[in-house]
Amino acid sequence: MSDYVLRVIAREENVRGLFALTTGLATEGARRHGTRGVSTRALADMLTAGVLMGALLKVRQRVALKFEGNGPLRKGIVEADSFGHVHGYVAEPHLPADLTVAQALGAAGLLTVVKDLRLKELAEGVVHLATSQVDLDIAHYLNQSEQIPSVVSIGSAVTPDEAIEVTGGLLVQSLPPHDRAPIARFTDRLQELPPLVDVLRRDPTPEAIAAQLFAGVPYENLEARPVSFRCQCSRERSRKALVSIGRAELEALLEQEGQAVIDCHFCHEQYIFDRAELEQMIEEMVG
């Protein structure tokens, strides 16, 4: 089944909910980066966090999440937009499967959230990692930095042969005027329910997650929007990046390597510019 995020509203509780299935995009991210072990789960969790945070944005807005810790994973960076496109990577793609994501990320570190809200300046918030669990740290950021009562849960499961079995997540927020009481109730309810991955194993749909969490609470589905692993890189952008380094650097690259290879960190797409293309760039600069 294709990945998508479901938006719902529970008017009596004055909360909105986002429920996402992200198995396909997490699988694509793991394939592109060749992740193994706990790195696969960490990347899946972070990409899902990106989807949920992106779904909070208005049209054409973007968000970047950077998890930095003192563990062997070192860091993970994810970018997402309001259209459901997400991409990202982890610094160490091959870590043992017997580690938890929290152990891989480390006990100390920072979560940085940068938003492009189509204003003159980017909006940036930074919080210390509270648990080194992706979902709980996103919730910590929303509650502390943005002062919006929120609960977040993300789950991912990997098969014995290290393929992603299922991945998904939820984010529930209080609407203005913000009240922490409903969020506290949903947080308690999450503790009583089966793990998110077990829900998705039985019924891999965002609707199943919503029905489980909102059982007994009236709510309505507002929208279902597809989400996917998609990068903003392109050959044209890579060419502009090469031109920006200047004529002297291009000439040195031409002499030493005879070509230029641009490898996108976020999706591992490679753009190769041969000798003729580099010579053309240099000629255009001279002209």
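1. A polar contact is a pair of N or O atoms within 3.5 Å. The structure under review is a predicted model, and one such pair joins S132 to G106: a polar atom of the S132 side chain lies 2.3 Å from the backbone oxygen of G106.

2. The setting of S132 deserves a description of its own. This residue belongs to the loop that runs between β9 (123–128) and α4 (134–144). Although placed in a loop, S132 counts as buried, because its relative accessibility is 2% and the cut-off for burial is under 20%. Beyond its neighbours within four places in sequence, S132 is in contact with V101, A102, L105, G106, A107 and D137. G106 therefore appears both among these contacts and as the residue whose backbone oxygen lies 2.3 Å from the S132 side chain, given that a contact means heavy atoms within 4.5 Å.

3. The cysteines call for a careful reading. A disulfide is a covalent bond between the sulfur atoms of two cysteines. The cut-off applied here is 2.5 Å between the sulfur atoms, and by this rule the model has zero disulfides. For C264, the closest cysteine sulfur is that of C231, at 3.6 Å, which is too far for a bond. For C267, the closest is in C233, at 3.5 Å, again too far for a bond.

4. How buried or exposed are C264 and C267? C264 has a relative accessible area of 11% and is buried. C267 is likewise buried, at 4% relative accessibility.

5. The largest nonpolar core holds 48 residues, and M53, F67 and I138 touch the most other members. Helix α2 (residues 38–54) gives the most to this core, namely nine residues. Another core, of 23 residues, lies apart from it and includes L6, L170, L190 and V197.

6. F67 merits a closer look. Residues up to four places away in sequence being set aside, F67 touches M46, R74, K75, G76, L105, L110, L111, L129, V134 and I138. L105, one of these partners, is also in contact with S132.

7. The final point concerns the largest pocket, which has a volume of about 680 Å³. Its lining consists of 32 residues, and those nearest its centre are D135, L136, V152, S153 and I154. Which element supplies the largest share of the lining? Strand β10 does, with seven residues. At least two lining residues come from each of α2, α3 (101–105), α4, β10 (150–158), α5 (180–192), α6 (196–202) and α7 (206–213).

Technical notes:
Residues are numbered from 1 along each chain as its sequence is written. This is a predicted model: local features need pLDDT of at least 70, side-chain atom pairs count only at pLDDT 80 or more; totals for chains, interfaces and linings use all residues. Side-chain values use heavy atoms; hydrogens and water are left out. Helices (H or I, at least four residues) and strands (E, at least two) are DSSP runs, numbered from the N terminus. Buried means under 20% relative accessible area, exposed over 50%, partly exposed in between (1.4 Å probe, protein chains only). A polar contact is a pair of N or O atoms within 3.5 Å; within protein, one must be able to donate a hydrogen and the other to accept it, and residues adjacent in sequence count only if both atoms are side-chain atoms. A nonpolar core is a set of buried Ala, Val, Leu, Ile, Met, Phe, Trp, Tyr and Cys residues joined through side-chain atoms within 4.5 Å. On a 1 Å grid over the protein atoms alone, a cavity is a set of points where a 1.4 Å probe fits but cannot get out, and a pocket is an open set with protein on both sides within 12 Å along at least five of seven lines; lining residues have an atom within 4 Å of a point. Grid points are joined across faces, edges and corners, and a volume is the space filled by probe spheres set on the points.
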